[in-house]
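This text leads through a protein structure from its overall make-up to a few of its parts. Please keep the sequence and the model side by side while reading.

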Amino acid sequence: MKKNFNLQTRITILITVLILFSISISIVFTSQWSLDHIQEKVEGNIKNVAMILSNSPDIKKSLNERDATKIQNHAKEILSRLDGVDIITIADMNGIRYAHPNQERIGKGFVGGDEVKVIKEGVSYVSQAKGTLGVSIRAFEPIVYKDEQIGFVMAGVLYEDIQKFRRHAFLTMCGFTLFGIFLGILGAFIIAKRIRDSLLGLEPDEIVYLYRENRAMLKSIREGIIAIDANGRITLVNDYAIKILNINNPNVIGEHVLDVFPTSRLLEVLKSGEREYNEEQIINDTIILTNRVPIKDGDEIIGAMASFNDRTKIKRLAEEITGVRQIIQALRANTHEFMNKLHVILGLIELNEINEVRKYIKGVVKEQEQIRFFLMKKIKNPTISAIILGKLNRAKELKINMEVAPNSYLEKHYKNIQNENLVTIIGNLLDNAMEAIMKKGKDGEIYLRIEDIDGVIEIEVDDNGIGIKQENIENIFKRGFTTKKEEGGTGLFLVEKSINQLNGQVFVDSKFKEGTNILVRIPKEEKK
């Protein structure tokens, strides 16, 4: 039965085998070079010693005078100070020794037979021969005195000592080799463990299975997925994301996200490390709802991912019921105003003032027709007209004089502007204006202007209410900020969120106890 090793074991074995093979090859060539180098070093050393002795004036003079005692003492002294030289022999042209490590050999003939060349030819050389002390490597140098050769010097090293040097060198190399193998195996184990840890402990077949499973999941999921690395390069995108983003070239892996998806906020998430949930965007005339999260390795942000889905159809179906709170308030104000008028009519009937009833009804009808005609002519979007009519009635209930600018104008629909955003912006700004006036408690006036000017929708709400303290102006659009004790503020937060979704701007000019002017500017695209 075939045994399956895990990834860490396989990597460890593989690296160990490679290390052993590499070190084996290296040790063969290195050891050969090292042993050859020892031989060369020994030969060079004894040649230098022989050359120095052959050129020594004392040796030359003593040999010429046949003074064996001086020659032996001088050679013995030099030999005692040298390492790596075992033999120093000085002989005359007849091969008779005048210096030798063994005192008893002085006066006797040179042994080995390799001295003939230096005697006959007077040249320097190195040879190997067996002498009285054993086999040795010998360096010969002629001794020349007054231009005449009078003898020679032989410096040698016993072959046994050379073998000791070689064994020591070989054992040293083996020791370093074993130490290197140990470090290599340890390194292989550490590397294999780090690789396994970087793969989250998964085996190759598990990784393949997860990859196939994830690819199948990404293809089947009905939600767009796009991920980037720390440099903003796309590392993952599924088919549904390509469809939503309307990407012509599906091979976008490795491309910068802004080149493919210019309005992406993934780079902001990459920088901030903050998660963003249920954020709306408009892409290719499609409203998407997106979630964005950073991808982390410990505390380090290594990328970011977004998931998003097409909400355009749902938005269109729900367009009439979005901004529900504002619409309900408008309906309630209209109903309340209608009930007040019915009560007036009922009272006049009970008083039998029929002429007054007729007169009152005609006045009410005329007033309503004037308002309705103005709104229908100027504000062609019926939802926005209804909100404004409701706020007019609500202002009348609160005894606030609310005026709509005569030059106000709004088309029925714009390509990039949704009804619910306009409802949120206009409804909440008017509500805040009424609350500010009620806090001040007198002479309430609100001015509303909605105008289509040079590619920009301007919404201006001006009131003479309590105003905003300077230190609070920068906080009024934050979620939860409010000056009311009984509830948390969300109205102006929703206003700013809607403005941001439409790539608009908001300007606030307010003085405490004097009133507030808020101007919203929203860029518009070509009208439908």
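Helices (H or I, at least four residues) and strands (E, at least two) are DSSP runs, numbered from the N terminus. The model is a predicted one, in which local features need pLDDT of at least 70 and side-chain atom pairs count only at pLDDT 80 or more, while totals for chains, interfaces and linings use all residues. Residues are numbered from 1 along each chain as its sequence is written, and side-chain values use heavy atoms, with hydrogens and water left out.

The chain holds 16 helices and 15 strands. Of its 528 residues, 41% are buried; buried means under 20% relative accessible area, exposed over 50%, and partly exposed in between (1.4 Å probe, protein chains only). The accessible surface of the chain is about 31100 Å², and 55% of this belongs to carbon and sulfur atoms. These areas come from the Shrake-Rupley method with a 1.4 Å probe, and for residues only the protein chains shown count as cover. Where contacts (heavy atoms within 4.5 Å) link residues at least 6 apart in sequence, 58% of them join residues at least 24 apart.

Arginine 66 sits in the loop between helix 2 (57-64) and helix 3. Its phi is positive, about 60°, although arginine 66 is not a glycine. Most residues other than glycine have a negative phi. Arginine 66 is partly exposed, with a relative accessible area of 46%.

Helix 3 (residues 68-81) follows. Its 14 residues should span 20 Å at 1.5 Å a residue, and its end C-alpha atoms are indeed 20 Å apart; the expected span is 1.5 Å times one less than the number of residues. Ile71, Gln72, Ala75, Ile78 and Leu79 are the buried residues of helix 3. They cover an arc of only 135° around the axis, so they lie on the same side of helix 3; the arc is that of the directions from the helix axis to the C-beta atoms. Thr69, Lys70, Lys76, Ser80 and Arg81, on the other side of helix 3, are exposed.

A two-sided pattern also appears in strand 3 (residues 125-131), where the side chains alternate. Tyr125, Ser127, Ala129 and Gly131 point to one face and are buried, whereas Val126, Gln128 and Lys130 point to the other and are not. A hairpin leads from strand 3 to strand 4 through 2 residues. The two strands run antiparallel and are joined by 7 bridges; strands pair if DSSP finds at least two bridges between them. One partner of valine 126 across this pairing is alanine 139 in strand 4.

The whole structure has 11 salt bridges, each a side-chain nitrogen of Lys or Arg within 4 Å of a carboxyl oxygen of Asp or Glu. In one of them, the closest N and O atoms of lysine 391 and aspartate 431 are 2.7 Å apart. Lysine 391 belongs to helix 13 (residues 382-397) and aspartate 431 to helix 14 (residues 419-440), so the pair ties together parts 40 residues apart in sequence. Both residues, lysine 391 and aspartate 431, are buried.

Another salt bridge, at 3.0 Å from N to O, links arginine 394 and glutamate 397. These two are 3 residues apart in helix 13, so about one helical turn separates them. Arginine 394 is partly exposed at 36% relative accessible area, and glutamate 397 is partly exposed at 23%.
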